[in-house]
Amino acid sequence: MAPPSNRRTGFSKRAQYTNFFGYIAAIAGALLGGALLIVSFVDPNAFSGLRGLASDGARPMATATATVRSESSGFFDTIGGYFTRGSRVARLEREAEINRVRLAEAAALANENRRLKALMHMPVEGVVPVAKAQLIASTGSSLRRFATLSAGSSAGVATGMPVRSPLGLVGRVLEVSRGTSRVLLITDSESVVPVRRSTDGIVATARGVGDGTMQLELVSLGINPLKPGDIFVTSGSGGLYRPGIAVAVVMAVTRDGATARVLSDPASSEFVVVEPVYIAALGMPDASVSAAPPPAPAKK
Amino acid sequence: MASRPPLFPQRRYRKEINRSHSPVLANVMPWLSIMLASVVPQWLSIFSAPVLPPFGYLMLVAWRQVRPGVLPVWAGLPLGLFDDLYSGLPLGSGILLWSLTLIAMELLEATYPWRGVLVDWLVGSVLATGYILLTCLIGGHGAPAIAVTPVLFQILASILLFPLVGRFAAWCDRLRLIRFRSIR
């Protein structure tokens, strides 16, 4: 097949110049892209305002799509539910009986905790959620794992706030615009969450890999005590996430840690809660926010 | 080689008495379809692994192959910028890679003018594979470990879906030249 004839400009000076300046503009565009890329590497937050504007603009359509998405998945769940109803009802009733007893025990424990904390004059951890919102979009084709949240600075969301679903930790807020905010999911390869084992408190860090799993790295090396099925929760160190939010369950044990699966699969947990930064909720100064150095001692 | 029959009867798309194209639709369609292709797939689910092919980029390559004159060489600048705003990669990577792609396709067409379905598929596959690997290099900058399996799946899905994306671009092109009744 012959090449298209519109490449040939003929004797028209105008067409020749248009063609020539097209090439110049293309090369200039590539150079500009390279320069912007270097700026982005030096300062990752350089263009956050532009990105925020863009996600604010796409918010109505993204929200509408997310609503249809959750409705349709509910529809298929309803149809599927008819086939497995009998056995599931029996199992759920059995579990509900057990859970009722455990709930009473947990309430007693919480009561005792409160009493002991009052004895020791420790602050009570009443974390009031900042906002309830929906995850409306995510970067599906790039290596970084970001999601867009349908609440922004107008709802009180600020940078650094943890985002969780009823099933566990989802991520933390990275950039905020007026009506949306960008969430760094815990599966991203640059996200690190301090965790501990829920049963005995073995401390580890959970680092995202980028494919929906996390790599658990034990802080104290030695004999690896982890077993498949161990559940890890946030430890609260660092002051960003409050302690006790479920994070991941161990799938396979490696030499110096384990590979774990994230408990709150973001695909199924669309409605999430934004919580305040833990250390700020306790009323302590936030080291990540107040970066000003202490005043210099006065000279005599 | 026998000449192929035309893809569709040319007469139906030509300007005639009482029937003419919409200049807005004819000019906006390629840009709009590429921009939608880079945004809309992100709304479909909250993905926990990079499994989605880069539909915006595939659409750009497909448009460039289906209708070579319709996108200017510098189209990588605005379209890449738009993709950067939503893709999650550092801003500038899309502008750079999309501009380089269009320049490379222009050079390739000048030196190797023969085209066909398989040649287009091969070119698109090579470009998409290179693009995905380069975005991994840019996006995985500083990360200690990268999961390889989703990226391989993404490359495979891009190669297999590329002809379908090309068909979709061709459908958009037919929509672009739809005729409306005009009385003047």
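The following legends describe close-up views of a predicted model.

**View 1. The barrel of chain A.** Six strands of chain A close into a barrel, with the order 1-2-5-4-3-12 and antiparallel pairing. Averaged over neighbouring strands of this sheet, and with direction ignored, the turn of one strand against the next is 45°. One of the pairings in chain A links strand 2 (residues 146–149) with strand 5 (residues 181–185), antiparallel and through 4 bridges. Within this pairing, A:Leu149 is placed opposite A:Ser181 of strand 5.

**View 2. The annotated span of chain A.** An unreviewed UniProt entry assigns residues 136–266 of chain A the annotation "domain: Rod shape-determining protein MreC beta-barrel core". In the model, residues 136–266 of chain A are 47% strand and 0% helix. The C-alpha atoms at the two ends of this span are 11 Å apart.

**View 3. Strand 9 of chain A and its partners.** Strand 9 (residues 231–234) of chain A pairs with strand 6 (residues 192–197) of chain A in the antiparallel sense, over 3 bridges. A:Arg196 has A:Val233 of strand 9 as its bridge partner. Strand 9 of chain A is also joined to strand 10 (residues 246–254) of chain A, again antiparallel and by 3 bridges. Here A:Phe232 stands opposite A:Ala248, a residue of strand 10. In general, the strands of a sheet pair through backbone hydrogen bonds, in either a parallel or an antiparallel arrangement.

**View 4. The hairpin of strands 7 and 8 of chain A.** Strand 7 (residues 203–208) and strand 8 (residues 213–218) of chain A form an antiparallel pair with 5 bridges. The bridge partner of A:Ala206 in strand 8 is A:Leu216. Between the two strands of the hairpin there are 4 residues, and A:Gly210 adopts a positive phi near 115°.

**View 5. Strand 8 of chain A against strand 11.** Strand 8 of chain A is connected to strand 11 (residues 257–262) of chain A by 5 bridges, and the two strands run antiparallel. A:Leu216 lies opposite A:Ala258 of strand 11. A:Leu216 is also the bridge partner of A:Ala206, so that the residue appears in both this view and the preceding one.**View 6. The fold of chain B.** Chain B contains 6 helices and 2 strands, and its elements follow the order β-α-α-α-α-α-α-β from the N terminus. The C-alpha trace of chain B extends about 65 × 40 × 30 Å along its principal axes. Chain B has 184 residues, of which 43% count as buried. Among contacts in chain B with a separation of 6 or more, 73% are made by residues 24 or more positions apart.

**View 7. The contact of chain B with chain A.** Chain A contributes 56 residues to the contact and chain B contributes 55 residues. On the side of chain B that touches chain A, at least two residues are supplied by each of helix 3 (76–87), helix 4 (93–111), helix 5 (117–139) and helix 6 (149–176) of chain B. Helix 4 of chain B gives the largest share of that side, with 8 residues. By residue class, the side of chain B that touches chain A comprises 35 nonpolar, 18 polar and 2 charged residues.

Methods
Residues are numbered from 1 along each chain as its sequence is written. Chains are lettered from A and ligands numbered from 1 in the order in which they are written. This is a predicted model: local features need pLDDT of at least 70, side-chain atom pairs count only at pLDDT 80 or more; totals for chains, interfaces and linings use all residues. Two residues are in contact if their C-beta atoms, placed from the backbone, lie within 7 Å. Ala, Val, Leu, Ile, Met, Phe, Trp, Tyr, Cys and Pro count as nonpolar, Asp, Glu, Lys and Arg as charged, and the others, Gly among them, as polar. UniProt positions are given in the numbering used here, feature names are shortened, and annotations may be inferred rather than shown by experiment. Two strands pair if DSSP finds at least two bridges between them. A residue is buried if 20 or more other C-beta atoms lie within 10 Å of its own, exposed if 12 or fewer, and partly exposed in between; C-beta atoms are placed from the backbone. Axes are lines fitted to C-alpha atoms, for helices over the stretch in contact, and angles run from 0 to 180 degrees between N-to-C directions.
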